[in-house]
Amino acid sequence: MSMIAAFYGGKSILITGATGFMGKVLMEKLFRTSPDLKVVYILVRPKQGQTLQQRVFQILDSKLFEKVKEVCPNVHEKIRAISADLNQNDFAISKEDMKELLSHTNIIFHCAATVRFDDHLRHAVQLNVTATQQLLLMASQMPKLEAFIHISTAFSNCNLKHIDEVVYPCPVEPKKIIDSMEWLDDAIIDEITPKLIGDWPNTYTYTKALGEVVVQQEGGNLNIAIIRPSIMGATWQEPFPGWVDNLNGPSGLIIAAGKGFLRSIRATPMAVADLIPADTVVNLTLAVGWYTAVHRPKSTLVYHCTSGNLNPCNWGKMGLQVLATFEKIPFERAFRRPNADFTTNNITTHYWNAVSHRAPAIIYDFYLRLTGRKPRMTKLMNRLLRTLSMLEYFVNRSWEWSTYNTEMLMSELSPEDQRVFNFDVRQLNWLEYIENYVLGVKKYLLKEDMAGIPEAKQHLKRLRNIHYLFNTALFLIAWRLLIARSQVARNVWFFIVSFCYKFLSYFRASSTLNV
Ligand SMILES: CCCCCCCCCCCCCCCCCCCCCCCC(=O)SCCNC(=O)CCNC(=O)[C@H](O)C(C)(C)COP(=O)(O)OP(=O)(O)OC[C@H]1O[C@@H](n2cnc3c(N)ncnc32)[C@H](O)[C@@H]1OP(=O)(O)O
Ligand SMILES: NC(=O)C1=CN([C@@H]2O[C@H](COP(=O)(O)OP(=O)(O)OC[C@H]3O[C@@H](n4cnc5c(N)ncnc54)[C@H](OP(=O)(O)O)[C@@H]3O)[C@@H](O)[C@H]2O)C=CC1
């Protein structure tokens with residue numbers, strides 16, 4: 001019997017960010033392994049015209065929850081969606097709901113965050129720092145609370161090269177940042193943001209670092225742990241391989257490459273691609289929840305959930321495997337044949353951006369205009385280039401994350417728990433994982449049918465022919481223009497033609513003699 005699964009039985013668990021990528025995988029695993037848990041409270045905001053209940057039903061109706069519905073048929077009764085907005089005071093939770101949360105919650109998993117790299121500092125601070133502070137305050141009023149698990153990111157200290165499982169101080173105290181956000185206006189915040197974030201690459205990583213300091217400073221007597229996943233990718237094994245439902249991290253770029261929009265990316269092939277499957281993160285999170293509640297470590301432990309030091313894969317290997325998978329499992333209606341490459345310096349990056357990204361977009365938009373349609377490719381390409389520029393920081397560097405606490409925890413688990421809550425990335429086969437990832441992107445993100453693969457392959461063949469035809473025509477036109485203008489080119493041309501003629505004549509003569 002799994003001790004961890006048994007631990008969550010009968011418990012009341014509060015999850016923030018349950019509607020997000022990680023939150024859904026976390027809820028799924030909790031219900032599948034501990035169907036006898038008492039209740040999962042989730043803090044949800046109404047969104048896109050959907051009520052809370054509609055959002056919950058949509059999640060439960062997805063393929064991700066198919067197995068859960070078999071093991072825990074009354075799962076919908078065990079999820080209690082609480083209307084909350086983490087940007088508001090007291091999260092805008094009603095008095096009754098707050099009372100219920102405070103009196104019943106046993107474990108908190110705090111996953112909610114803004115993960116946008118370009119978020120305005122005020123908003124990023126509100127969600128990633130102030131909301132964490134408020135949640136800690138709530139937690140301190142929960143008499144039955146056994147553990148508070150805060151999800152951070154391995155990149156919260158990406159301004160360092162070697163990162164230990166400790167909370168690092170920030171140059172400016174989080175309290176001062178929170179206070180200043182209250183009275184500074186947006187224009188001034190915009191102006192001081194680069195100075196405040198210093199050598200952090202964006203407001204996301206910076207505010208996640210501040211969030212950790214808040215957890216450490218204001219955790220009081222709570223049993224707290226911090227988990228730092230690296231780049232969370234599709235699921236590895238559970239509930240099935242390849243599940244992913246948003247464009248963050250590599251997923252959006254896999255689509256862009258598979259559809260033929262992305263042709264080159266400024267990345268260092270040898271840099272470590274520190275991906276970590278979402279189910280691995282969730283397994284570690286649940287194990288940490290159990291360990292923190294049962295063993296009550298004296299200080300706040302930080303756990304790195306990374307792959308680089310145990311089972312490294314680099315961007316070069318990952319890119320090649322992604323491309324190889326497109327050969328077997330192409331995406332439908334590609335714009336061009338998938339054929340991306342890595343560039344390593346500014347000049348080649350600008351060159352390929354002009355030739356492989358902007359020029360085809362302009363030509364295609366011209367064609368759309370000619371055929372009476374609205375041009376859209378240049379806009380899409382500009383967005384892609386903006387996204388690439390934001391991600392570049394992470395694909396041109398390698399970090400070392402120590403994983404002592406994570407390995408210590410692994411050794412504390414029973415063999416059964418090591419199996420059920422496996423977070424040992426040494427067992428991960430990257431090639432297989434990446435292939436399943438690409439397949440998952442096709443099935444669950446693009447919602448493409450596998451039956452369409454033969455047609456997708458045909459389409460790629462047509463694109464290849466168009467490509468050859470286009471290149472040949474371009475070459476002939478350029479050559480014709482050159483011959484018309486340059487005596488040297490004409491001489492070269494006559495030399496080649498006469499050489500070919502002589503070669504053919506010799507070949508014909510010798511084959512006649514042989515006969
Ligand atoms: C040798 C052969 C080589 C071949 C290579 C080819 C294969 C390619 C494989 C992949 C290789 C490299 C992948 C590198 C990925 C590295 C990621 C590193 C990240 C590490 C960070 C730390 C991890 C974390 O802690 S948190 C999670 C990370 N957070 C994110 O990823 C968020 C990033 N996104 C943003 O910040 C924004 O969305 C932004 C700034 C990118 C775009 O903002 P904007 O306002 O312009 O647009 P949106 O409104 O957000 O969206 C507009 C539009 O774009 C779509 N979109 C959104 N995000 C992405 C994306 N990441 N990629 C592609 N497209 C994206 C979005 O859906 C919208 O589409 P619509 O159609 O308009 O709805
Ligand atoms: N994805 C990754 O690669 C990595 C993620 N992490 C961390 O893991 C955690 C989960 O990330 P992930 O699941 O990918 O993120 P998502 O963007 O998928 O999910 C974010 C969640 O936060 C919720 N949220 C955002 N704003 C509010 C608000 N004002 N009120 C209530 N809820 C809100 C979202 O709700 P809604 O659905 O309403 O928008 C959503 O449920 C984050 O803490 C992130 O920093 C760490 C490393 C890597």
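This report describes the overall layout of the chain, its two ligand surroundings and a few individual elements and residues.

**Overall layout**

The structure is a predicted model, and its chain holds 20 helices and 13 strands. Taken along the principal axes, the C-alpha atoms fill a box of roughly 100 × 55 × 50 Å, and 41% of the 515 residues are buried. Among contacts between residues at least 6 apart in sequence, 85% join residues that are at least 24 apart.

The chain is divided into domain 1, made of the segments 3-244, 270-312 and 399-424, and domain 2, which covers 456-514. The centres of domain 1 and domain 2, taken over C-alpha atoms, are separated by 61 Å. The UniProt record lists residues 466-484 as "transmembrane region"; over residues 466-484 the model is 100% helix and 0% strand, with the end C-alpha atoms 27 Å apart.

**Surroundings of the two ligands**

Ligand 1 is surrounded by 32 residues, of which T153, N248, G252, G319 and F394 are the closest. Two or more residues of this shell come from each of α11 (250-258), α13 (315-328), β12 (341-343) and α15 (377-395), and α15 gives the most, with 7 residues.

Around ligand 2 there are 28 residues, and G17, T19, G20, A113 and M232 come nearest. The elements that give two or more residues to the shell around ligand 2 are α2 (21-33) and β8 (231-233), with the largest share, 3 residues, coming from α2. The make-up of each shell by residue class is set out below.

| Shell | Nonpolar | Polar | Charged |
|---|---|---|---|
| Ligand 1 | 20 residues | 7 residues | 5 residues |
| Ligand 2 | 14 residues | 10 residues | 4 residues |

**Helix α12**

Helix α12 comprises 18 residues, 278-295, and at 1.5 Å a residue it should span 26 Å; its end C-alpha atoms are 25 Å apart, which agrees with that expectation. Of the 18 residues of α12, 16 are buried, so the helix is largely enclosed by the rest of the structure. Just after α12, R296 takes a positive phi of about 45°.

**Two residues in their settings**

I224 lies in strand β7, which runs over residues 224-229. Because 24 C-beta neighbours lie inside 10 Å of I224, and 20 or more are needed for the term, I224 counts as buried. Leaving aside neighbours within four places in sequence, I224 is in contact with F148, H150, V215, G219 and T300. The C-alpha atoms of I224 and A293 are 8.7 Å apart in space, although these residues are 69 residues apart in sequence; A293 falls within the range of helix α12, residues 278-295.

E407, by contrast, is placed in helix α16, residues 404-412. With 15 other C-beta atoms within 10 Å, E407 is partly exposed, because this number lies between the limit of 12 or fewer for exposed residues and that of 20 or more for buried residues. Along the chain E407 and F423 are 16 residues apart, and their C-alpha atoms are separated by 9.5 Å. Both E407 and F423 belong to the 399-424 segment of domain 1.

Methods:
Residues numbered from 1 in each chain as written. Chains lettered and ligands numbered in written order. Predicted model: local features only at pLDDT ≥ 70, side-chain atom pairs only at ≥ 80, totals over all residues. Helix = DSSP H or I, 4+ residues; strand = E, 2+ residues; numbered from the N terminus. Expected span 1.5 Å × (residues − 1). Near = placed C-beta within 6 Å. Nonpolar A, V, L, I, M, F, W, Y, C, P; charged D, E, K, R; others polar. Domains from an automatic or database assignment. UniProt positions renumbered as here; feature names shortened; annotations may be inferred. Contact = placed C-beta atoms within 7 Å.
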